[in-house]
Amino acid sequence: MKKFIPVLLLALALMPAVLKAQNNQPSREELEQRKRELQKEMDAAQAMLNETKKSSKESLAQLRAIRAKIDLRSRMIRNINDEIKFINSDINAAHRDVKTLERDLDTLKQQYAQLIVSAYKNRSSYTMLNFIFSADSFNEAIKRYQYLKQYREFRSRQASNILETQEQLRLKVKNLEEQRQKRSATLKTEQEQREIIEKDRKEKDEVVTKLKGREKELLADINQKKKDQKKVQDAIRAVIRKEIEDARRKAAAEELARKKAAEAERKRREEERKRALAANEAARANNNTAANVPPPVVETPAPAESPAEKPSRVLNVLEATPEAVALSDNFEANKGKLPWPIESGIILSFFGKQKNADMERITEENDGIRFGTRRGGNVKAVFEGEIRRVFTVPGAGYVVMIRHGQFFTNYIGLQNINVKSGDKVRTGQVIGTARSNEDESAGVVELQIYKGTALQNTNGWIKR
């Protein structure tokens with residue numbers, strides 16, 4: 001018993017972790033939804049790759065598109081394996097049900113056979129009547145009759161149970177066969193995906209080999225892109241600083257106007273008080289006033305009440321109004337749930353340093369998430385807000401800045417613009433189209449997010 005206690009304690013300690021792991025397992029519906037999403041992304045990745053192949057030479061964009069395809073197909077294979085686990089579980093359950101029904105059917109048949117033998121031995125109507133009328137009393141005869149009636153009903157139910165069990169068994173066997181066929185088809189799909197991913201890997205290796213022959217050229221392109229990125233960042237920060245300065249001047253002007261209005265109100269009340277005192281003195285000096293009449297009461301006006309101070313949530317001029325505060329809160333509440341800024345496509349690279357797994361000397365650093373889409377694909381606002389600036393940066397195309405309280409989303413790499421400064425936009429509204437770059441291949445759009453002048457890690461904001 002003492003040896004058993006530690007084992008029991010360990011089992012109890014591990015039980016929450018086991019239950020949590022089970023709860024984290026995706027449901028059948030989630031697997032189906034994930035499969036549809038992965039297929040959609042793989043189609044977009046293939047379309048992206050087809051666009052990049054139109055270029056006269058291989059590019060890092062082409063390599064990224066192939067890697068994206070491989071990654072998506074690997075995830076699809078994992079999803080298929082999870083689906084196979086469900087099918088195996090269904091097959092095992094169906095197999096157990098078939099065995100149980102077969103045992104039940106055998107038992108029912110044996111019982112029914114015994115009933116038939118007994119009925120055959122007592123098949124004579126004379127024997128049944130003799131059984132009833134040989135009773136010692138009328139009540140006992142009634143009970144014997146009811147017994148024979150129940151016996152016949154029991155035989156009928158047994159026959160029905162056998163037929164129902166046979167039908168259940170037939171359906172279970174059919175379901176078992178369907179599940180086995182489904183597993184066979186799913187395994188075939190998995191094998192096809194593995195064959196395709198092997199072809200993709202060979203294609204990737206060929207592209208890498210050709211790119212390594214142009215490594216110096218690629219490094220020069222990356223250095224040039226770094227310079228273009230710095231121009232973009234300088235321009236964005238300059239706009240945000242101007243926004244902050246404009247908001248500060250506006251707040252200062254409003255505060256000055258409030259103080260002037262308060263001072264004017266104070267002077268007006270002071271003048272009224274002086275006039276009331278003068279009238280009171282004049283009334284006292286009037287000799288015609290009866291001595292017993294009390295002097296008029298002069299009401300001293302109460303000082304102007306200062307407005308109740310609201311608790312300061314954030315000392316930020318970009319949140320000077322309740323509307324701006326609410327917009328900031330709503331934007332921040334959607335962290336990790338913001339939609340993609342494109343209708344269809346793939347993520348080419350994430351925020352931060354991205355070391356190329358196939359080319360050791362190639363490292364790119366992104367200030368946001370770069371999305372690949374079709375040429376001229378629509379670019380959409382990821383959240384409601386106000387267009388603050390639309391400007392161009394050499395080498396980067398159009399930049400659209402949308403303000404959401406103290407947050408800014410920046411859409412870099414647009415060619416056609418559908419909005420202008422001051423426009424109010426809603427979530428999902430088309431603001432322009434993607435510009436073709438990367439050796440004139442597919443459209444590439446970069447999304448950056450700022451909180452004030454602080455660049456945010458975009459990876460944590462966008463829905464995966």
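**Figure 1. Asp200, tucked away in helix α5.** At 5% relative accessibility, Asp200 counts as buried in this predicted model. Its home is helix α5. Setting aside residues up to four places away in sequence, Asp200 touches Ile66, Lys69, Ile70 and Arg73. The last of those gets its own panel next.

**Figure 2. Arg73, the view from helix α3.** Arg73 sits in α3, which covers residues 60-121. Is Arg73 buried or exposed? With a relative accessible area of 9%, Arg73 is buried. Beyond its neighbours within four places in sequence, Arg73 is in contact with Met42, Gln193, Ile196, Ile197 and Asp200. Asp200 is likewise buried, at 5% relative accessibility.

**Figure 3. Arg180, another arginine, this one in α5.** Helix α5 spans residues 138-212, and Arg180 lies in it. Arg180 has a relative accessible area of 36%, so it falls in the partly exposed class. Which residues does Arg180 contact, leaving aside its neighbours within four places in sequence? They are Ile91 and His95. Asp90 is worth finding in this view too: Arg180 and Asp90 are 90 residues apart in sequence, yet their C-alpha atoms are 9.5 Å apart in space.

**Figure 4. The largest nonpolar core.** This core has 27 residues. If you want to find your way around, look for Leu338, Phe371, Val400, Ile402, Tyr411 and Ile431, which have the most contacts inside it. Helix α7 (322-333) supplies at least two core residues, and so does each of the strands β4 (369-373), β7 (397-404), β8 (407-417), β10 (430-434) and β11 (443-451). As background, nonpolar side chains tend to be buried together in soluble globular proteins.

**Figure 5. Val400 and the company it keeps.** Here we zoom in on one of the core residues with the most contacts inside the core. Not counting residues up to four places away in sequence, Val400 touches Ile387, Arg389, Val390, Thr409, Asn410, Tyr411, Leu414, Ile417, Val419 and Ile431. Tyr411 and Ile431 are themselves on the list of residues with the most contacts inside the core.

**Figure 6. Helix α7 and its two sides.** At 1.5 Å a residue, the 12 residues of α7 should span 16 Å, and the end C-alpha atoms are indeed 16 Å apart, so the two values agree. Which residues of α7 are buried? They are Ala324, Leu327, Ser328 and Phe331. Looking down the helix axis, these buried residues fall within an arc of 100°, so they line one face of α7. That buried set packs against β6 (385-393), β7, β8 and β11. Over on the other side of the helix, Pro322 and Ala333 are exposed.

**Figure 7. Strand β6, its hairpin and its other partner.** Strands β6 and β7 run antiparallel and are joined by seven bridges. To pick out one pairing, Thr392 has Tyr398 in β7 as its bridge partner. The two strands make a hairpin with three residues between them, and in the turn Gly395 has a positive phi of about 90°. β6 also pairs with β9 (residues 424-425), again antiparallel, through two bridges. There, Glu386 stands opposite Lys424.

**Figure 8. Strands β2 and β3, with alternating side chains.** β2 (residues 352-355) and β3 run antiparallel, with four bridges joining them. Where in this pair is Lys353? Lys353 stands opposite Glu365 in β3. Side chains alternate along β3 (residues 363-366): Glu364 and Asn366 point to one face and are buried, whereas Thr363 and Glu365 point to the other and are not.

**Figure 9. The whole protein, and where to go easy on the details.** Step back and you'll see seven helices and 12 strands. Of the 464 residues, 35% count as buried. Among contacts with a separation of 6 or more, 73% are between residues 24 or more positions apart. The average pLDDT is 77, and 77% of the residues score at least 70. Two of the stretches to watch follow. Over residues 17-22 pLDDT stays under 50, and the model has zero contacts for them beyond four places in sequence. Over residues 306-315 pLDDT also stays under 50, this time with seven contacts beyond four places in sequence. Where pLDDT is low, the predicted coordinates should not be read in detail.

Key: Residues are numbered from 1 along each chain as its sequence is written. This is a predicted model: local features need pLDDT of at least 70, side-chain atom pairs count only at pLDDT 80 or more; totals for chains, interfaces and linings use all residues. Side-chain values use heavy atoms; hydrogens and water are left out. A nonpolar core is a set of buried Ala, Val, Leu, Ile, Met, Phe, Trp, Tyr and Cys residues joined through side-chain atoms within 4.5 Å. Buried means under 20% relative accessible area, exposed over 50%, partly exposed in between (1.4 Å probe, protein chains only). Contact means heavy atoms within 4.5 Å. The expected span of a helix is 1.5 Å times one less than its number of residues. The arc is that of the directions from the helix axis to the C-beta atoms. Two strands pair if DSSP finds at least two bridges between them. pLDDT is the predictor's confidence in each residue, from 0 to 100.
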